[in-house]
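Hi there,

Here is the structure I promised to pass on. Please have a look at it first, and then read my notes below.

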Amino acid sequence: MVPERRRSSRIRCHLPVRLYPQGETRVVETLTKDLSLVGLKCLSPSSKPITTPMAVELDLGQEEHALSLRARVVWFQELPQGDQFY
């Protein structure tokens, strides 16, 4: 197994997240699998090319406003026997 090269620790959590890939009108509503200070992993019905910019809205719940963030794709993985990606 290849060692991970993360700059900060990840916390497992399942929070609602909305992805807005640049150049698309379709919004992807999904859940995070984990997150850190510099990134998050979530489920997606499709893969995007590395470096694809997107807007992200992370719902913290408890009447907090969603965090609106700018992001880019740095990694993806197809899930076995499924039509989804991390």
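What follows is a short tour of the strands and of a few residues in them.

One thing to keep in mind is that this is a predicted model.

**How the strands pair**

Strand S3 covers residues 28–35, and it is a good place to begin. Strand S1 (residues 11–12) runs antiparallel to S3, and 2 bridges join them. Within that pairing, Ile11 stands opposite Leu35.

S2 spans residues 16–21 and is also antiparallel to S3, this time with 4 bridges. Pro16 has Leu31 as its bridge partner in S3. The two strands form a hairpin with 6 residues between them. If you look at the turn, you will find Gly23 there with a positive phi of about 85°.

Strand S4 (residues 40–42) pairs with S3 over 3 bridges, again in the antiparallel sense. Here Leu35 has Leu40 as its partner in S4, and a hairpin of 4 residues links S3 to S4. So that you can follow the side chains along a strand: in a regular strand they alternate between the two faces of the sheet.

**Two buried residues**

Is Leu19 buried or exposed? Leu19, in strand S2, has a relative accessible area of 7%, and because that is under the 20% cut-off, Leu19 counts as buried. Counting only residues beyond four places away in sequence, its contacts include Arg26, Val27, Val28, Thr30 and Cys42, and also Met54, Ala55 and Val56. Cys42 lies 23 residues from Leu19 in sequence, while the C-alpha to C-alpha distance in space is 9.7 Å.

Thr30, one of the residues touched by Leu19, sits in strand S3. Thr30 is buried too, with 15% relative accessibility. Which backbone atom does the side chain of Thr30 reach? It is the backbone oxygen of Leu43, at 2.9 Å. With residues up to four places away left out, Thr30 touches Leu15, Pro16, Val17, Leu19, Cys42 and Leu43.

**A patch on the surface**

Finally, turn to the outside of the model. Leu60, Leu67 and Leu69 form a nonpolar surface patch, and together they have about 230 Å² of accessible area. Leu67 belongs to strand S6, residues 67–72. Its relative accessible area is 39%, so Leu67 is partly exposed, a class that lies between the 20% and 50% cut-offs.

Enjoy exploring it, and do write back with any questions.

Best wishes

Note on methods. Residues numbered from 1 in each chain as written. Predicted model: local features only at pLDDT ≥ 70, side-chain atom pairs only at ≥ 80, totals over all residues. Heavy atoms only, no water. Buried < 20%, exposed > 50% of the residue type's maximum accessible area, 1.4 Å probe, protein only. Contact = heavy atoms within 4.5 Å. Patch = residues over 30% accessible without salt bridge, like charges linked within 9 Å, V, L, I, M, F, W, Y side chains within 5 Å. Areas by Shrake-Rupley, 256 points an atom, 1.4 Å probe, with all protein chains shown as cover. Salt bridge = Lys/Arg side-chain N within 4 Å of Asp/Glu carboxyl O. Pairing = 2+ DSSP bridges. Polar contact = N/O pair within 3.5 Å; in protein donor to acceptor, adjacent residues only side chain to side chain.
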